[in-house]
Amino acid sequence: MARDEVRRILPADIKREVLVKDEKAETNPKWGFPPEKRPMEMHLQFGIINLDKPPGPTSHEVVAWIKKLFNLSKAGHGGTLDPKVSGVLPVALERATRVVQALLPAGKEYVALMHLHGDVPEDKIVAVMKEFQGEIIQRPPLRSAVKRRLRTRKVYYIEVLEIEGRDVLFRVGVEAGTYIRSLIHHIGLALGVGAHMAELRRTRSGPFKEDETLVTLHDLVDYYHFWKEDGIEKYFRNAIQPMEKAVEHLPKVWIRDSAVSAVTHGADLAVPGIVKLHKGIKRGDLVAVMTLKDELVALGKATMTSGEMLQRSKGIAVDVDKVFMPRDWYPKLWKERD
């Protein structure tokens, strides 16, 4: 049976236009540590692993194991996967741990095997599943870690890949916090026969995908020992992405060198510090504050639109929430008030 081609687009795939506020601004190469040039120890401190979680352990157990292996004090993951579920699990390390917050608006993708409890014609299966694209209402399952209250979630796309008897293999792109097990249960109810989830794999978490950057736990063990025991760092370096990877999808504001230290010391971002920015920023949007070397300085909420940031000469443009860059990477080029 021929099926319509589905456009697989998540919020992380939005293309953004860059608006330049100051064309003459430059960055001093003596300051900072661009993502691709960080020494290995620093790369580890500000890195995030695109991990292929195996079925079996919990997400928490996997993170604890990585912390122990690398002798880290902190690590965190970008979205829990049930023990039986495999696939993409971003694991942020040390100073990058809080960056997983940035993945929440990016969207996630799964490939699931749904087993129907009765026979249904293929065309009806496809038609009913299409009806689940868009806004849906879910209640978290009994074993969920969150309160079981009704909430709205978005299904960006749903695509039937294969149907064999009562087994339906499909790909689905969803908003963070969407329960695929619950989605399958409701599809079964809509089909009138019932259904349960037989298998599930996460294939994408925002900018982190099933591609050449995905690594297994076994890979990490080997690459870490290559680096520590044999001095071969390229495999381990490639297995860890710079924390900037986790904000690829976010709207960004790039700032001049002279503004970096003020932000790292806790100041909100003022308009005079902006060199360029993404078009389409709205008030309240989560934005990434970047240097001209594309280093992540901080995350914050926009207090102005892109147009206002571009046109105004003063005022606070971003209410800074989380700072990731150390205070000593850029010199202090601002004066404290008495």
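Trainee: Which residues of H7 are buried?

Mentor: This is a predicted model, in which local features need pLDDT of at least 70 and side-chain atom pairs count only at pLDDT 80 or more, while totals for chains, interfaces and linings use all residues. Residues are numbered from 1 along each chain as its sequence is written, and side-chain values use heavy atoms, with hydrogens and water left out. Buried means under 20% relative accessible area, exposed over 50%, and partly exposed in between (1.4 Å probe, protein chains only). On that basis, the buried residues of H7 are Asp-257, Ala-259, Val-260, Ser-261, Ala-262, Val-263 and Thr-264.

Trainee: Which strands do the buried residues of H7 pack against?

Mentor: Helices (H or I, at least four residues) and strands (E, at least two) are DSSP runs, numbered from the N terminus. H7 spans residues 257-264 and is mostly covered, with seven of its eight residues buried. Where contact means heavy atoms within 4.5 Å, these buried residues pack against strands E12 (252-255), E13 (269-270), E16 (296-302) and E17 (316-323).

Trainee: How many Å separate the C-alpha atoms of Val-323 and Arg-98?

Mentor: Val-323 is found in strand E17, and it counts as partly exposed because its relative accessibility is 24%. Leaving aside neighbours within four places in sequence, Val-323 is in contact with Val-263, Thr-264, Val-297, Ala-298 and Arg-98. Although Val-323 and Arg-98 are 225 residues apart along the chain, their C-alpha atoms are separated by 9.3 Å.

Trainee: How are H2 and H5 oriented, roughly parallel or roughly antiparallel?

Mentor: The axes, which are lines fitted to C-alpha atoms (for helices over the stretch in contact), give angles from 0 to 180 degrees between N-to-C directions. For helix H2 (residues 59-70) and helix H5 (residues 217-230), the axes come within 11 Å and cross at roughly 5°. Since angles under 35 degrees count as roughly parallel, over 145 as roughly antiparallel, 65 to 115 as roughly perpendicular and the rest as oblique, H2 and H5 are roughly parallel.

Trainee: Which residues in H5 are met by residues in H2?

Mentor: On the H2 side, the residues that take part are Val-62, Trp-65, Ile-66, Leu-69 and Phe-70. Their partners in H5 are Leu-217, Leu-220, Val-221 and Tyr-224.

Trainee: Which helix do the buried residues of H3 pack against?

Mentor: Helix H3 covers residues 122-130, and its buried residues are Ile-125, Val-126, Val-128 and Met-129. These residues pack against strands E5 (108-116), E7 (151-164) and E8 (167-174), and also against helix H4 (180-191).
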